[in-house]
Amino acid sequence: MVVFEKTKGLTDNQLHYCPGCTHGIIHRLVAEALEELGLTNRTVGVASVGCSVFSYNYFNCDMIQAAHGRAPAVATGAKRANPNNIVFTYQGDGDLAAIGTAETVHSAARNENITIIFVNNAIYGMTGGQMAPTTLPNQVTQTSPYGRDVTVVGYPVKVCEMLSQVEGASYLERVAVNNVKNIKNAKKAILHAFKNQMEGKGFSLIEVLSTCPTNWGLSPKDSLKWLEDNMQTNYPLGVFKDKYKEEK
């Protein structure tokens with residue numbers, strides 16, 4: 001009896017992520033969802049710039065590498081060129097919520113029929129741990145050594161809350177991958193987002209709270225607890241908008 005096997009939605013390439021980083025879990029959930037829905041062979045993924053820049057080596061589907069922040073625009077082109085494609089982007093907080101803010105907001109405003117997987121670890125991971133748009137108030141980073149001072153640099157950008165005010169957006173949910181219960185809920189949300197795209201319901205974004213043990217300066221185990229105690233307080237989990245569910 002097979003209890004667990006690796007999804008065919010991922011290649012056999014070894015992941016490059018740091019020990020304890022939860023990008024690998026999120027990759028698996030996305031790949032499993034595509035495989036379970038029978039979508040792998042007609043899916044186009046869009047890789048962003050950041051720690052997940054090599055995601056085109058890991059997902060077993062067609063992939064496009066986008067310029068920094070432009071993944072939603074590239075995804076829009078791929079979807080409009082062939083509406084039968086299932087198109088998703090895989091983006092970190094720097095890519096999506098900093099340089100890519102406009103692309104994100106306007107693809108939501110147009111209700112583009114794409115799925116965005118947004119990984120929020122509250123820090124710039126690839127470039128060495130600088131403060132990100134999602135860095136928490138008073139959080140210490142390489143560029144905020146005394147903690148994020150909101151009186152100087154402002155407050156964190158809360159993407160789901162912001163996009164919930166954009167009329168075109170169809171489905172927005174924030175999940176986490178720091179324990180088994182949350183991982184199961186994340187899988188359900190990702191499946192729902194892809195099903196919405198299959199049914200032509202428009203723009204879906206799943207925000208996934210993720211760990212960065214290396215740049216947080218924590219052990220993998222402690223980073224899971226830090227996410228629960230700090231990130232979930234600032235970024236509460238839940239559905240922020242589900243347009244078609246609300247209309248029923």
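1. The lining of the largest pocket divides by class into 6 nonpolar, 9 polar and 2 charged residues. The model is a predicted one, and the pocket in question holds about 220 Å³ of space.

2. Which residues lie nearest the centre of the largest pocket? They are Val49, Gly50, Cys51, Tyr124 and Gly125, out of 17 lining residues. Helix α3, residues 93–99, gives the largest share of this lining, with 3 residues.

3. The second largest pocket has a volume of about 160 Å³. Its lining consists of 14 residues, and those nearest the centre are Cys18, Cys51, Gly125, Cys212 and Asn215. Cys51 and Gly125 are therefore worth locating on the model twice: they are among the residues nearest the centre of the largest pocket and among those nearest the centre of the second largest pocket.

4. How many charged residues does the lining of the second largest pocket have? It has no charged residues; the lining divides into 7 nonpolar and 7 polar. The largest share of this lining comes from helix α8, residues 213–216, which supplies 3 residues.

5. On the pockets in general, empty space left between atoms is shown by rolling a probe the size of a water molecule over them.

6. Turning to the whole chain, the secondary structure of the protein comes to 10 helices and 7 strands. The radius of gyration is 17 Å, close to the 18 Å that the globule rule gives for 248 residues, so the protein is as compact as a globular protein of that length. Along the principal axes, the C-alpha atoms fill a box of roughly 50 × 45 × 35 Å.

7. What share of the residues is buried? Of the 248 residues in the protein, 52% are buried; the cut-off for this is under 20% relative accessible area. The protein exposes about 11,200 Å², and carbon and sulfur atoms supply 53% of that area.

8. Contacts between distant parts of the sequence are also worth a note. Among the contacts with a separation of 6 or more, 69% are between residues 24 or more positions apart.

9. Helix α2, residues 71–81, serves as an example of burial. Its buried residues are Ala71, Pro72, Ala75, Thr76, Ala78 and Lys79. What covers them? The cover includes the strands β1 (43–47), β2 (62–65), β3 (86–92) and β4 (115–120). It also includes the helices α4 (101–109) and α7 (180–198).

Key. Residues numbered from 1 in each chain as written. Predicted model: local features only at pLDDT ≥ 70, side-chain atom pairs only at ≥ 80, totals over all residues. Heavy atoms only, no water. 1 Å grid on protein atoms, 1.4 Å probe; cavity = no way out; pocket = protein on both sides within 12 Å on 5 of 7 lines; lining within 4 Å. Points joined across faces, edges and corners; volume = space filled by probe spheres on them. Helix = DSSP H or I, 4+ residues; strand = E, 2+ residues; numbered from the N terminus. Nonpolar A, V, L, I, M, F, W, Y, C, P; charged D, E, K, R; others polar. Rg over C-alpha atoms; globule rule 2.2 N^0.38 Å. Buried < 20%, exposed > 50% of the residue type's maximum accessible area, 1.4 Å probe, protein only. Contact = heavy atoms within 4.5 Å. Areas by Shrake-Rupley, 256 points an atom, 1.4 Å probe, with all protein chains shown as cover.
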